[in-house]
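Work through the exercises below with the sequence and the model side by side. Try each task before reading its solution.

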Amino acid sequence: MSRKTTSRSKAKKFKKRAQNESRELQLKEDGQEYGQILKMYGGGRCEVYVMDGQIRTGTIRGALQNRKRRVWINKEDIVLVSLRRFENKKCDIVHKYTDDEVRVLRKKGHLPDKTLQDLGNDSDKDDGECIFEFDNDAYTNL
């Protein structure tokens with residue numbers, strides 16, 4: 001028979017790490033870009049809008065999926081992406097930024113002020129006005 005474990009040992013096992021733990025800000029290097037999660041597919045895969053203007057399929061790296069140090073990645077999170085040289089449509093997610101780190105990156109000018117997916121849509125904005133002209137004579141003859 002197995003021995004009964006106390007709730008105290010479980011509390012130690014599932015203890016959360018300190019949220020105010022300061023870590024070094026990780027900036028992009030050669031072969032890396034900033035990206036924003038658009039859609040989660042499951043199985044460690046997601047759709048990422050990369051700052052170079054392309055939408056790629058991202059794979060969450062194994063160290064971020066580890067049971068002891070799992071990082072939860074959600075839609076619209078800002079991440080650091082490692083680009084693949086041999087597959088242009090795929091990338092690897094290396095790091096997830098917290099909200100405070102995103103603010104610091106925007107202050108330093110590494111990230112734009114708007115969300116990444118809205119950058120390409122600024123030049124295509126319309127007034128939303130669409131004008132149709134109908135010929136009333138065509139409907140009276142029916």
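**Exercise 1. Start from one residue**

Task: Leaving aside neighbours within four places in sequence, find which residues V79 is in contact with.

Solution. This is a predicted model. Start at V79 and skip its neighbours within four places in sequence. Its contacts are then E33, Y34, G35, I37, I93, H95, K96 and Y97.

**Exercise 2. From the residue to the core**

Task: List the residues of the largest nonpolar core, and say which element gives the largest share.

Solution. Step one: collect the members. The core has eleven residues: I37, C46, V48, V50, I60, L64, I73, V79, V81, C91 and I93. Step two: sort them by element. Those that give two or more residues are β2 (45-50), β4 (78-83) and β5 (90-96). Step three: pick the largest share. β2 supplies it, with three residues. Step four: look beyond this core. Another core lies apart from it and has seven residues, including L80, Y97, V102 and L111. The general background is short: in soluble globular proteins, nonpolar side chains tend to be buried together.

**Exercise 3. The order of elements**

Task: Count the helices and strands, then write the elements in order from the N terminus.

Solution. The protein has four helices and five strands. Read from the N terminus, they run α-β-β-β-α-β-β-α-α.

**Exercise 4. Close the barrel**

Task: Work out in which order the strands close into a barrel, and which way the pairs run, parallel or antiparallel.

Solution. Recall first that strands of a sheet pair through backbone hydrogen bonds, either parallel or antiparallel. Now take three pairs in turn.

- β2 pairs with β3 (residues 55-60) over five bridges, in the antiparallel sense. In this pairing, E47 has T57 of β3 as its bridge partner.
- β3 pairs with β5 over four bridges, in the parallel sense. Here I60 has I93 of β5 as its bridge partner.
- β4 pairs with β5 over five bridges, in the antiparallel sense. L80 stands opposite H95 in β5. These two strands form a hairpin, with six residues between them.

Put the pairs into the full ring. Five strands close into a barrel in the order β1-β2-β3-β5-β4, and the pairing is mixed. Neighbouring strands are turned against each other by 50° on average, direction ignored.

**Exercise 5. Two cysteines**

Task: Decide how many disulfides there are, and whether C46 and C91 are buried or exposed.

Solution. A disulfide needs two cysteine sulfur atoms within 2.5 Å. The count by this rule is zero. For C46, the nearest cysteine sulfur is that of C91, 7.2 Å away, and C46 is in no disulfide. C46 is buried, with a relative accessible area of 0%. C91 is in no disulfide either. Its relative accessible area is also 0%, so C91 counts as buried.

**Exercise 6. An unusual angle**

Task: Locate E76, state its phi, and say how exposed it is.

Solution. E76 sits in the loop between α2 (62-65) and β4. Its phi is near 70°, a positive value in a residue other than glycine. The relative accessible area of E76 is 48%, so it is partly exposed.

**Exercise 7. The whole protein**

Task: Find what share of the residues is buried, and what area the protein exposes.

Solution. Of the 142 residues, 25% are buried. The protein exposes about 11900 Å², and carbon and sulfur atoms supply 46% of this. Last, take contacts between residues at least 6 apart in sequence: 53% of them join residues at least 24 apart.

Note on methods:
Residues numbered from 1 in each chain as written. Predicted model: local features only at pLDDT ≥ 70, side-chain atom pairs only at ≥ 80, totals over all residues. Heavy atoms only, no water. Core = buried A, V, L, I, M, F, W, Y, C linked by side-chain atoms within 4.5 Å. Buried < 20%, exposed > 50% of the residue type's maximum accessible area, 1.4 Å probe, protein only. Contact = heavy atoms within 4.5 Å. Areas by Shrake-Rupley, 256 points an atom, 1.4 Å probe, with all protein chains shown as cover. Pairing = 2+ DSSP bridges. Axes fitted to C-alpha atoms, helices over the stretch in contact; angles between N-to-C directions.
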